[in-house]
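Student: Could we go through this one together, ring by ring and then along the backbone?

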Amino acid sequence: MLEQYLPILVFIGIGLVFGLVPIAAARLLGPHKPNDAKLAEYECGFDAFVDARMKFDVRYYLVAILFIIFDLEIAFLFPWAVTAKQLGWFGFSAMMIFLGLLLVGFIYEWKRGALEWE
């Protein structure tokens, strides 16, 4: 029974070696000169906020939702494009309705000013 699991254990071992050896080598051989600037916390290129509960502009969330919408659109568009010939006119019309609804949402966000930054 061990013969069946031996290849899996070998692959796990190889994976651990390839994952841990570079980390250990960098830790042992790399320069380690910490200073205040390197150890300072930062977020997106600027200093961290004092209060984690401070208010953010709602446009940040609108742009994040817009990104998710278009990301999902691409996820649905690729399989449709691969099988477009077999789906026929029904598949084409269903995808056009889907894209139309996404376009309406995009226009709504655009008109609300969610894509304009000050």
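**Rings and a bent helix**

Tutor: Trp-89 is exposed, at a relative accessible area of 71%. Keep in mind that we're looking at a predicted model.

Student: What is the geometry of the pair that Trp-89 makes with Phe-92?

Tutor: The two residues sit three apart in helix H4, so about one helical turn separates them. Their ring centres are 5.6 Å apart with the planes at 90 degrees, and planes over 60 degrees apart get one particular label. That makes the pair edge-to-face.

Student: Is Phe-92 buried, partly exposed or exposed?

Tutor: Its relative accessible area is 36%. Buried needs under 20% and exposed needs over 50%, so Phe-92 counts as partly exposed.

Student: How many aromatic pairs are there in total?

Tutor: Ring centres have to lie within 6.5 Å to count. By this rule, the number of aromatic pairs is four.

Student: Phe-76 and Phe-98 form a pair too, so how many residues apart are they?

Tutor: Their ring centres are 5.7 Å apart, with 90 degrees between the planes. Phe-76 belongs to helix H3 and Phe-98 to helix H4, so the pair links distant parts of the chain. The separation along the chain is 22 residues.

Student: Where is the kink in H4 centred?

Tutor: H4 has 29 residues, yet its end C-alpha atoms are only 34 Å apart, short of the 42 Å a straight helix would reach. The kink is about 75 degrees, and its centre is Phe-90.

Student: Which helix do the buried residues of H4 pack against?

Tutor: Gly-91, Met-95, Leu-102 and Glu-109 are buried in H4. The buried residues of H4 pack against H3.

Technical notes. Residues are numbered from 1 along each chain as its sequence is written. This is a predicted model: local features need pLDDT of at least 70, side-chain atom pairs count only at pLDDT 80 or more; totals for chains, interfaces and linings use all residues. Side-chain values use heavy atoms; hydrogens and water are left out. Rings of Phe, Tyr and Trp (its six-membered ring) pair if their centres lie within 6.5 Å; planes under 30 degrees apart count as stacked, over 60 as edge-to-face and the rest as tilted. Helices (H or I, at least four residues) and strands (E, at least two) are DSSP runs, numbered from the N terminus. Buried means under 20% relative accessible area, exposed over 50%, partly exposed in between (1.4 Å probe, protein chains only). The expected span of a helix is 1.5 Å times one less than its number of residues. The bend at a residue is the angle between axes fitted to the seven residues ending there and the seven starting there. Contact means heavy atoms within 4.5 Å.
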